[in-house]
Amino acid sequence: MTEQELQTLFTTFSAGRTPDGQDFNASRMYTLLEEPFCIWCNFHAPQEEAVPESNRYENLKIRTDRSARDEWIKEKFPSVHFVEAHTDTERFQGTLAAMARGESAIANTSLWNLAENIYGSINLLVRFEDHASRFGNYYYKIYQFKRAHDLKEHYSLQVSLMNLILGQIQSYTPPQARVLLKGRTVDIWQADHLPRLTSELAFWRNIKSGLAKPEAHKPPKAAAAPWRVYANKLMKETKDLVLLPHLNTELRQCLKINGMFTTDDVARAPLTQLQEILEEPFATETYYNARAFLYNKPIWRKKGCFPPPAKKYNLYFDFEATETFTRDNKSFVYLIGLWDKEQDKYVTFVAKTPEEEITIFEDFYNYIKDFENTALYHWTEYEVRKMRKLAGIFPQYAEHLNKLCALCFDLKVAVNDSFYLPAPSFSLKAVAPVFGFNWRQDDCGAMDSMVYFTNWLKTGDENLLHKILMYNEDDCKAMLIVEEALKKADILDPAVL
């Protein structure tokens with residue numbers, strides 16, 4: 001291929017410009033499938049409402065994934081050509097040039113078809129010679145790396161989109177692309193995914209043009225960054241039906257067809273009307289949840305499940321666990337934090353290595369002085385499930401772990417069984433703010449904590465550990481705040497509403 005032909009190819013598929021916000025990046029396939037409201041915001045929301053938020057967890061994953069991936073590529077394809085570039089344009093041009101030269105393998109590539117508003121990156125292109133292409137008696141096939149054990153839907157569609165663009169550029173679409181997962185390899189057959197890919201791209205174009213407006217999720221994560229804050233605010237201000245727990249998209253649509261577009265609409269409708277629209281228990285659940293929002297007060301669902309039995313000693317505890325960021329490390333509980341109600345203090349047990357994990361559970365066990373008169377409160381079943389799993393792994397510690405489990409009381413279950421709340425779900429992050437409790441840090445959540453812990457081990461920076469402990473302390477205290485607030489709250493009786 002001559003330089004002029006190569007330039008013509010670049011001009012054709014770049015459409016004389018570089019990718020911008022009007023184009024669809026294949027890496028956004030997850031957002032299109034799972035967070036389409038974010039895409040709507042990109043095109044139609046006031047841009048000044050965007051609030052950037054650093055995703056430390058994803059950034060760390062990307063860095064560790066890239067390092068492991070490049071090592072694998074160099075080992076399996078010693079003659080690989082890595083495209084080096086300072087700009088998006090240089091990367092696309094470098095990819096085309098390497099394909100034209102017939103490199104045996106090309107890493108860190110970028111492919112565009114901006115005439116159709118699509119583009120993206122590919123980890124590795126591998127040359128095959130059983131079919132001709134625009135470039136000669138060879139063509140390229142995609143090898144994409146994913147840090148997961150299972151093939152997710154958005155992976156398949158993302159790779160299929162890039163295979164589509166690759167086919168357009170080289171004038172031959174390989175029948176399959178290859179995805180390398182943790183421990184296994186999967187071939188993505190283009191024919192299997194093309195209909196769904198076509199449908200999703202049409203959906204994206206309809207969002208872009210304003211013909212489609214997807215729903216947001218439930219607050220406090222109504223959308224991903226940078227639209228999380230805006231979406232949370234918008235759902236609350238508009239009293240959107242997504243605020244009602246237990247309803248899926250189809251059930252919300254049933255309400256809208258019958259003229260109910262807000263939580264107030266539902267709250268003011270007769271229960272008998274809702275029962276004609278929705279099956280039970282959804283009709284009754286929806287009615288009283290909407291009324292809880294209308295009055296901004298809890299409503300009794302069932303008496304007798306709350307408050308939990310009083311004990312002499314009451315501990316509110318929460319675990320923090322690591323993620324497996326590299327092939328060599330292991331996931332383990334590195335922090336057990338608890339709020340001691342009677343001592344009015346926060347207590348922690350920290351493990352630096354997987355080997356120390358069982359040690360902090362022993363420390364947790366030894367902290368309890370009176371098993372007959374102690375209650376351990378948690379939110380969701382994760383903590384108990386984790387301790388029972390460890391009991392199976394460490395039979396010598398099983399007695400102690402099972403004794404801890406026997407003291408546990410799931411506050412989420414008790415609250416969910418007892419009340420309708422003016423909250424979009426029964427997650428602790430959704431319930432605690434109803435009673436005035438807010439976490440002290442905006443830049444530290446569960447996923448951030450994993451990253452801070454990893455970096456603390458590397459650097460020894462105690463400020464990072466302090467952030468983790470503050471976040472965990474807030475989780476522990478939030479449970480106590482919710483319990484105490486509900487004990488004192490003016491609970492409405494559904495019989496008199």
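**Overall fold and backbone features of the predicted model**

Ala15 is partly exposed in this predicted model, its relative accessible area being 37%. The residue is found in the loop that runs between α1 (3-14) and β1 (24-25). Although Ala15 is not a glycine, its phi is positive, at about 55°.

A positive phi also occurs at Asn296, a residue other than glycine, where the angle is near 55°. Asn296 is found in the loop between α12 (282-295) and β8. With a relative accessible area of 58%, Asn296 is classed as exposed, because the cut-off for that class is over 50%. The value of 37% for Ala15 falls in the partly exposed class because that class covers the range between 20% and 50%.

Cis peptide bonds were also identified in the model. One joins Ala225 and Pro226, with omega at about 10°. Pro226 has its place in the loop between α7 (190-209) and α8 (228-238). Another cis peptide bond joins Phe306 and Pro307, and here omega is about 0°. The loop that holds Pro307 lies between β8 (299-300) and β9 (313-321). The strand β8 thus borders the loop of Pro307 as well as the loop of Asn296.

At the level of the whole protein, the secondary structure comprises 19 helices and 14 strands. Taken along the principal axes, the box filled by the C-alpha atoms is roughly 85 × 60 × 35 Å. The protein has 497 residues, of which 50% count as buried. Contacts were examined for residues at least 6 apart in sequence; of these contacts, 66% join residues at least 24 apart.

The surface that the protein exposes amounts to about 23700 Å². Carbon and sulfur atoms supply 50% of this exposed area. As to charge, 59 side chains are positive and 67 are negative. The centres of the positive and negative sets lie 1 Å apart.

In summary, the backbone features described here are placed in loops: Ala15 follows α1 and precedes β1, and Pro226 lies between α7 and α8. Asn296 is found between α12 and β8, while Pro307 lies between β8 and β9.

Definitions and conventions: Residues numbered from 1 in each chain as written. Predicted model: local features only at pLDDT ≥ 70, side-chain atom pairs only at ≥ 80, totals over all residues. Heavy atoms only, no water. Helix = DSSP H or I, 4+ residues; strand = E, 2+ residues; numbered from the N terminus. Buried < 20%, exposed > 50% of the residue type's maximum accessible area, 1.4 Å probe, protein only. Contact = heavy atoms within 4.5 Å. Areas by Shrake-Rupley, 256 points an atom, 1.4 Å probe, with all protein chains shown as cover. Lys, Arg positive; Asp, Glu negative; His and termini not counted. Charge placed at Lys NZ, Arg CZ, Asp CG, Glu CD.
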